[in-house]
Amino acid sequence: MTIHDLAVFDFDWSLIEADSDAAVLSGLSPLHWQKCRSAGVQWTDLMDQTLCELQDEGYSQKNIKDILEQVPLVPSAVELLKALAANHTRVLVLSDANTFYVETILKAQGVRHLVTDIITNPTYVDGKGRLRINRRILPTDTQHNCPNPCGLNICKGQELDRYIATYGPFRQIMYIGDGKNDYCPALRLKSSDHYFVRSGRKLAEWLSTDTAAAGKLVVPVTYWDTHATIVQALL
């Protein structure tokens with residue numbers, strides 16, 4: 001059996017140069033986006049509720065799709081994805097966004113065929129024809145109970161464990177992320193793996209101030225601003 005490498009990407013600010021929720025909601029209704037930023041509701045539930053409100057007001061799935069198709073990738077992302085494909089690296093998007101947003105943006109940017117799998121919050125169309133978002137882990141499901149800074153709806157570390165158990169083993173794993181929920185999966189990485197943390201984002205700031213958390217990492221950390229840094233590191 002040939003053992004390949006695995007590249008895992010967070011989505012917002014790691015593969016795309018935007019927050020996909022912010023892009024959609026601020027693009028459709030800045031007022032709704034401002035209300036969301038001060039609401040005390042679980043984020044995935046809040047995005048679902050807000051999309052329902054907007055669609056009830058007359059916005060369509062096409063309006064949402066039109067905005068998503070304008071969202072750019074991180075600079076040098078296409079170069080990196082093509083390099084990974086040339087190396088027969090398996091590519092996983094592991095995100096707290098949702099399937100509709102991720103699929104729409106990747107297809108619009110012409111890179112969907114370069115991504116092997118997507119793990120994120122599922123979407124569906126309800127009986128009123130509205131685009132809806134579900135948590136990956138529903139409130140009625142067994143909860144992940146992870147002690148790390150993971151969202152209630154997804155533990156990326158446990159998701160990575162299951163993915164490796166299903167498709168591994170892998171020779172080497174690289175993980176690209178920017179948020180604190182990208183810390184948990186990094187605890188699974190070895191000293192021979194790669195952990196690419198985006199400079200100036202929440203994860204980088206947290207690791208610089210929480211020495212105890214940073215000290216638990218075995219994998220070396222490389223900070224980046226564009227994917228060109230990652231391409232160079234992998235040469």
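Q: How many cavities of 30 Å³ or more does the structure hold, and what makes such a space a cavity rather than a pocket?
A: In this predicted model the structure holds one cavity of 30 Å³ or more, and about 40 Å³ of space lies in the largest cavity. A cavity is a set of points where a 1.4 Å probe fits but cannot get out, whereas a pocket is an open set, so the word cavity says that the probe has no way out.

Q: Which residues line the largest cavity, and what makes them count as lining?
A: The lining consists of Asp-21, Trp-43, Thr-44, Met-47, Asp-96, Ala-97, Asn-98, Asn-121 and Ile-133. Lining residues have an atom within 4 Å of a point, so each of these residues meets that limit. Helix H3 (43-56) and E2 each supply at least two residues of this lining.

Q: How much space lies in the largest pocket, and which residues are the closest to its centre?
A: The largest pocket holds about 730 Å³ of space. It is lined by 23 residues, of which Asp-19, Asp-96, Gly-179, Asn-181 and Lys-202 are the closest to its centre. The largest share of the lining, three residues, comes from E2.

Q: Why is Asp-10 called buried or exposed?
A: The relative accessibility of Asp-10 is 7%, and because buried means under 20%, Asp-10 counts as buried. This residue is found in the loop between strand E1 (6-9) and helix H1 (20-28). Leaving aside its neighbours within four places in sequence, Asp-10 is in contact with Leu-15, Leu-94, Ser-95, Lys-156, Ile-176, Gly-177, Asp-178 and Asp-182.

Q: What makes the pair Asp-10 and Ser-14 a polar contact?
A: The side chains of Asp-10 and Ser-14 are joined at 3.1 Å, and a polar contact needs a pair of N or O atoms within 3.5 Å, so the distance satisfies the cut-off.

Q: Why is Gln-158 called partly exposed?
A: Its relative accessibility is 23%, and because partly exposed is the range between under 20% and over 50%, Gln-158 belongs in that class. The residue has its place in helix H7 (residues 156-167).

Q: Which residues are in contact with Gln-158, its neighbours within four places in sequence left aside?
A: Gln-158 is in contact with His-144, Cys-146 and Arg-188. For His-144, the backbone oxygen lies 3.2 Å from a polar atom of the side chain of Gln-158. Gln-158 and Arg-188 are 30 residues apart in sequence, and their C-alpha atoms are 9.4 Å apart in space; contact is judged on heavy atoms within 4.5 Å, so the C-alpha distance does not decide the matter.

Q: Why are strand E3 (117-121) and strand E8 (221-224) said to stand at the edges?
A: Six strands form an open sheet with parallel pairing, in the order E3-E2-E1-E6-E7-E8. Strands E3 and E8 each have a single partner strand, so one side of each is left without a neighbour in the sheet. Neighbouring strands are turned by 15° against each other on average, direction ignored.

Q: How do you know that E1 pairs with strand E2 (residues 90-98)?
A: Four bridges join E1 to E2, which run parallel, and since two strands pair if there are at least two bridges between them, the requirement is met. The bridge partner of Leu-6 in E2 is Arg-90, and that of Val-8 is Leu-92. E1 and E6 also pair in the parallel sense over four bridges, with Ile-176 in E6 as the bridge partner of Phe-9.

Q: Which way do the residues of E1 point, and are they buried or exposed?
A: Leu-6 and Val-8 point one way from E1, Ala-7 and Phe-9 point the other way, and all are buried. In a regular strand the side chains alternate between the two faces of the sheet.

Q: What makes E7 a mostly covered strand?
A: Five of the five residues of E7 are buried. On one side these are His-194, Phe-196 and Arg-198, and on the other Tyr-195 and Val-197, so that both faces are covered. Four bridges join E6 to E7 in parallel, and four bridges likewise join E7 to E8.

Key. Residues numbered from 1 in each chain as written. Predicted model: local features only at pLDDT ≥ 70, side-chain atom pairs only at ≥ 80, totals over all residues. Heavy atoms only, no water. Buried < 20%, exposed > 50% of the residue type's maximum accessible area, 1.4 Å probe, protein only. Polar contact = N/O pair within 3.5 Å; in protein donor to acceptor, adjacent residues only side chain to side chain. Axes fitted to C-alpha atoms, helices over the stretch in contact; angles between N-to-C directions. 1 Å grid on protein atoms, 1.4 Å probe; cavity = no way out; pocket = protein on both sides within 12 Å on 5 of 7 lines; lining within 4 Å. Points joined across faces, edges and corners; volume = space filled by probe spheres on them.
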